[in-house]
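Please look over the sequence and the three-dimensional structure below before reading on. The explanation that follows is meant to be read with both in view.

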2 protein chains.
Amino acid sequence: MSRNTREDVVQAAGRLFAERGYHGTSMRDLGRELGLLGSSLYSHVAGKQELLVEVVERGAALFQASADAALAVEGSGAVKLRAFVTGHIDVVLGHLDEARTFLNEARSVEADYRRRVLAARDRYETSLRTLLAAGVGDGSFRPDLDPKLGGIFVLSILNALDRWYDESGEVGRSQLGEEIFGFVMQGLT
Amino acid sequence: MSRNTREDVVQAAGRLFAERGYHGTSMRDLGRELGLLGSSLYSHVAGKQELLVEVVERGAALFQASADAALAVEGSGAVKLRAFVTGHIDVVLGHLDEARTFLNEARSVEADYRRRVLAARDRYETSLRTLLAAGVGDGSFRPDLDPKLGGIFVLSILNALDRWYDESGEVGRSQLGEEIFGFVMQGLT
DNA sequence: CCTACCGATCGGTAGG
DNA sequence: CCTACCGATCGGTAGG
């Protein structure tokens with residue numbers, strides 16, 4: 001029953017934003033989640049919007065780190081794509097709240113930070129496009145592949161994961177990775 | 001400058017719910033959109049939640065009608081899948097507000113109607129699974145295809161459309177259909 | 001982290 | 001569809 005830290009507040013905010021959305025979460029809801037009053041949160045953070053920005057940026061950083069690691073993997077475009085896919089899955093399933101908030105609540109980020117969020121998303125997409133284009137060059141993918149459209153299809157499948165995947169279900173995390181990788185490889189080859 | 005009808009109210013609600021989310025839209029916002037006061041809306045509808053339920057159910061009905069039509073198409077599983085894909089695209093692009101509200105705001109539907117919404121989504125997914133299973137039977141798809149997972153992948157790509165597709169861009173609607181159909185066919189075959 | 005608030009806004013109603 | 005409200009809740013602050 002010790003005091004909450006700022007970190008506790010940010011994590012609880014991520015949980016509620018992911019679950020009910022930014023506008024569906026009040027500071028009093030968040031306080032209740034931590035066993036304190038809404039007004040007490042202001043000794044940890046400047047405001048509600050600051051919490052959203054922090055959670056969203058954490059999500060963005062996790063995804064980008066995963067993409068950077070995939071691009072740095074030695075091997076063909078196909079090998080890098082496998083790393084990208086499994087990395088993305090690990091981010092979504094290992095940091096569900098940050099991932100969902102980044103993917104679904106970015107529109108509630110106010111103007112000042114909106115650009116940064118959009119830039120982060122663009123950068124992540126561009127990383128995948130670069131990967132796909134390199135893979136066209138090394139023969140991993142079909143020569144007429146449009147990296148932009150291909151990247152969108154891959155990300156569409158990956159970004160929908162949080163909506164249906166049940167970690168306690170039949171399909172394990174590594175099998176999931178193989179299934180998605182196999183499926184998109186067919187479409188890219 | 002004539003009076004607004006109930007239909008105007010429902011459509012404007014769909015617009016705002018799709019754009020800002022249910023909890024991000026106030027009745028006063030909605031009134032402003034129509035040139036009247038928030039309180040005046042109550043002569044057209046019983047409440048805010050009623051508007052959400054109506055828009056969500058319209059979205060559900062549009063998707064289901066499209067799926068039913070695809071299943072009724074004569075031909076192989078592949079032919080039906082093409083109809084399913086193009087039908088889904090037409091619903092998303094032709095009824096963007098209802099589609100987005102159905103896809104993204106269902107969680108804000110309160111308990112009484114939540115089951116109906118989830119049932120509608122399940123039914124739509126089941127339609128696609130049935131289609132895929134039939135296609136396995138007639139040799140359209142690979143014999144070891146898991147219709148459940150395959151359906152999820154197809155819907156993941158289709159449901160992400162509203163997040164990126166720009167009707168005024170380079171890729172036309174029919175080309176989009178061919179691109180998506182071609183991509184998923186590779187993965188299913 | 002609580003007490004005790006603040007002004008603003010929320011969904012909604014009564015009566016015309 | 002407006003006027004004139006209602007109680008509840010919102011994000012947030014001052015002071016301890």
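The paragraphs below treat the fold of one chain, then two helix pairs, and then the DNA strands.

The structure is a predicted model. Chain A contains nine helices and zero strands. Read from the N terminus, the elements of chain A therefore run α-α-α-α-α-α-α-α-α, each helix being counted as a DSSP run of at least four residues. Along its principal axes, the C-alpha trace of chain A spans about 60 × 40 × 25 Å.

Within chain A, one helix pair to examine is formed by helix H3 (residues 48-72) and helix H6 (residues 111-137), whose axes lie 10 Å apart and pack at an angle of about 15°. Because angles under 35 degrees count as roughly parallel, H3(A) and H6(A) are roughly parallel to each other. The crossing of H3(A) and H6(A) is left-handed. On the side of H3(A), the contact is made by A:Val53, A:Val56, A:Glu57, A:Ala60, A:Phe63, A:Gln64, A:Ala67, A:Asp68 and A:Leu71. H6(A) contributes A:Tyr113, A:Arg116, A:Val117, A:Ala120, A:Arg123, A:Tyr124, A:Ser127 and A:Leu131. Sorted by class, the contact of H3(A) with H6(A) has 11 nonpolar, two polar and four charged residues.

Chain B offers a pair with another geometry. The axes of helix H1 (residues 6-20) of chain B and helix H3 (residues 48-72) of chain B cross at roughly 80° and come within 9 Å. Since angles of 65 to 115 degrees count as roughly perpendicular, H1(B) and H3(B) are roughly perpendicular to each other. In H1(B), the residues that take part are B:Arg6, B:Glu7, B:Val9, B:Val10, B:Ala13, B:Gly14 and B:Phe17. They meet B:Lys48, B:Glu50, B:Leu51, B:Leu52, B:Glu54, B:Val55 and B:Arg58 in H3(B). The contact of H1(B) with H3(B) has seven nonpolar, one polar and six charged residues.

The protein also meets DNA, and strand C is taken up here before strand D. Around DNA strand C there are 16 residues, and the closest are A:Asn4, A:Ser40, B:Met27, B:Arg28 and B:Lys48. Sugar and phosphate account for 52% of the atoms of DNA strand C that come within 4 Å of the protein. The surface near DNA strand C divides into four nonpolar, nine polar and three charged residues. Several individual atom pairs can be located here. A backbone N or O atom of A:Asn4 lies 2.8 Å from a phosphate oxygen of DNA strand C. From chain B, an N or O atom in the side chain of B:Tyr42 is 2.9 Å from a phosphate oxygen of the strand. The side chain of B:Arg28, by contrast, places an N or O atom 2.9 Å from a base nitrogen of DNA strand C.

DNA strand D likewise has 16 residues around it, of which A:Met27, A:Arg28, A:Lys48, B:Asn4 and B:Ser40 come nearest. Of the atoms of DNA strand D within 4 Å of the protein, 52% belong to sugar or phosphate and the rest to bases. By class, four nonpolar, nine polar and three charged residues make up the surface near DNA strand D. A polar backbone atom of A:Met27 is 2.8 Å from a phosphate oxygen of DNA strand D. From chain B, a polar backbone atom of B:Asn4 is 2.8 Å from a phosphate oxygen of this strand, and a backbone N or O atom of B:Leu37 lies 3.0 Å from a phosphate oxygen.

Definitions and conventions. Residues numbered from 1 in each chain as written. Chains lettered and ligands numbered in written order. Predicted model: local features only at pLDDT ≥ 70, side-chain atom pairs only at ≥ 80, totals over all residues. Heavy atoms only, no water. Axes fitted to C-alpha atoms, helices over the stretch in contact; angles between N-to-C directions. Helix = DSSP H or I, 4+ residues; strand = E, 2+ residues; numbered from the N terminus. Parallel < 35°, antiparallel > 145°, perpendicular 65-115°, else oblique. Left-handed = near helix turned anticlockwise from the far one by under 90°. Contact = heavy atoms within 4.5 Å. Nonpolar A, V, L, I, M, F, W, Y, C, P; charged D, E, K, R; others polar. Near = heavy atom within 4 Å. Polar contact = N/O pair within 3.5 Å; in protein donor to acceptor, adjacent residues only side chain to side chain.
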